[in-house]
Amino acid sequence: MSHYSPTDMARHLGEGLLSFPVTHFDADGAFLEAPYREHCAWMLGHELTGLFAAGGTGEFFSLTPAEVATVVAAAVAEGGGKTPVISGCGYGTAIATGIARDAEKAGADGLLLLPPYLMHAKQEGLADHIETVCRSTGLGVIVYNRDNAVINDETLARLCERNANLVGFKDGVGDIELMTRIYARMGDRLTYIGGLPTAETFATPYLTMGVTTYSSAIFNFMPEWALAFYKAVRAGDHAHVMDGLRRFVLPYIALRNKGQGYAVSIVKSGMRIIGRDAGPVRSPLTDLSAAEEAELRVLIEAVSPGALSAAA
């Protein structure tokens with residue numbers, strides 16, 4: 001059973017930094033619940049306003065619907081009541097509504113509705129998909145605008161009028177005009193989340209458009225660094241933010257861009273480097289090479305030597 005109403009969940013998320021834990025697998029790709037729960041507990045030992053289980057960084061796309069429910073239940077066992085636990089949700093409408101109901105039974109506080117699988121659709125079709133998921137559950141729903149599922153401000157406004165539990169909007173598009181139109185139209189009706197990879201790059205300009213929080217994959221292996229960066233963004237500390245971008249975020253992005261599908265792989269490499277191995281990524285993703293992981297180690301050591309010394 002959820003510990004938060006949809007509006008309380010959304011409000012809480014907007015007050016601080018969000019984290020998307022990786023999902024732990026063994027060498028054969030089976031889910032490892034005990035280390036996953038330990039990792040969630042470790043993350044929750046730091047300031048955090050939302051734990052997104054089985055999200056994009058958690059390899060939602062490689063999990064079966066039953067596995068999503070299992071991963072979410074494990075996150076709830078550690079985070080339930082401490083901070084909202086949000087479940088990934090997606091695929092076609094029939095599968096998404098099933099995932100939504102299972103997540104609610106598992107104790108999740110909300111849903112992050114990812115784009116439906118592969119399909120490009122008109123605004124009317126996307127609206128029907130989102131509304132059907134909203135009406136299948138009492139949980140708060142955050143719609144993720146990206147890739148093949150980009151709704152405009154008019155569609156979003158109509159959905160919000162009809163669905164009180166549509167309480168969040170995560171932007172993964174980077175269309176400044178669209179984001180401005182949405183915030184100007186919806187204002188405080190929604191909580192806005194930055195969802196561009198890597199979110200730290202866009203955090204400062206997005207803050208001026210009402211996007212008070214974002215999903216930090218870096219939090220998985222450098223939580224203190226990620227929190228300090230977020231606080232600098234909120235405080236308008238331009239010097240700190242630019243230093244963080246130059247010294248870590250931009251080189252990190254350059255390394256991530258060396259391989260397709262590295263957005264998750266690089267996070268799991270960061271976990272291995274600090275001594276919190278979460279196992280390999282599931283296919284069709286591939287792990288970083290040894291040389292690439294060595295490059296990441298140098299970057300981490302330069303900005304957060306404590307992360308490595310703590311793991312030693």
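Here is a chat about the empty spaces in this predicted model.

Colleague: How do you know where empty space is left?

Modeller: Rolling a probe the size of a water molecule over the atoms shows that. In this model, the structure holds 2 cavities of 30 Å³ or more.

Colleague: What makes the space of about 90 Å³ a cavity?

Modeller: A 1.4 Å probe fits there but cannot get out, so that space counts as a cavity. With about 90 Å³, this is the largest cavity. It has 15 lining residues, and the closest to its centre are Phe202, Ala203, Tyr206, Thr213 and Tyr214.

Colleague: Which elements give two or more residues to that lining?

Modeller: Those are α8 (203-207), β8 (213-216) and α9 (223-235). By class, the lining has 10 nonpolar, 4 polar and 1 charged residues.

Colleague: What makes Leu113 a lining residue of the second largest cavity?

Modeller: A lining residue has an atom within 4 Å of a cavity point, and Leu113 is listed in that lining, so Leu113 has such an atom. Others in this lining include Pro115, His129, Tyr144 and Ile151. The cavity itself holds about 80 Å³ of space, and α5 (123-135) and β5 (140-145) each supply at least two residues of its lining.

Colleague: How do you know which class His129 belongs to?

Modeller: His is neither on the nonpolar list nor among Asp, Glu, Lys and Arg, so His129 counts as polar. The whole lining of the second largest cavity comes to 10 nonpolar, 2 polar and no charged residues.

Colleague: Why is the space of about 1000 Å³ called a pocket?

Modeller: A pocket is an open set of points with protein on both sides within 12 Å along at least five of seven lines, so that is the test this space passes. At about 1000 Å³, this is the largest pocket. Of its 37 lining residues, Gly56, Phe61, Leu114, Arg146 and Asp147 are the closest to the centre.

Colleague: What does α11 give to the largest pocket?

Modeller: α11 provides the largest share of the lining, 4 residues. β8, α10 (238-256) and α11 (262-273) each supply at least two. The lining divides into 23 nonpolar, 9 polar and 5 charged residues.

Colleague: And what volume has the second largest pocket?

Modeller: About 200 Å³. Closest to its centre, out of 14 lining residues, are Arg11, Asp188, Leu190, Thr191 and Tyr192.

Colleague: Why are Arg11 and Asp188 called charged?

Modeller: Arg and Asp both stand on the charged list, so Arg11 and Asp188 count as charged. By class, this lining has 5 nonpolar, 6 polar and 3 charged residues, and α1 gives the most, with 3 residues.

Key. Residues are numbered from 1 along each chain as its sequence is written. This is a predicted model: local features need pLDDT of at least 70, side-chain atom pairs count only at pLDDT 80 or more; totals for chains, interfaces and linings use all residues. Side-chain values use heavy atoms; hydrogens and water are left out. On a 1 Å grid over the protein atoms alone, a cavity is a set of points where a 1.4 Å probe fits but cannot get out, and a pocket is an open set with protein on both sides within 12 Å along at least five of seven lines; lining residues have an atom within 4 Å of a point. Grid points are joined across faces, edges and corners, and a volume is the space filled by probe spheres set on the points.
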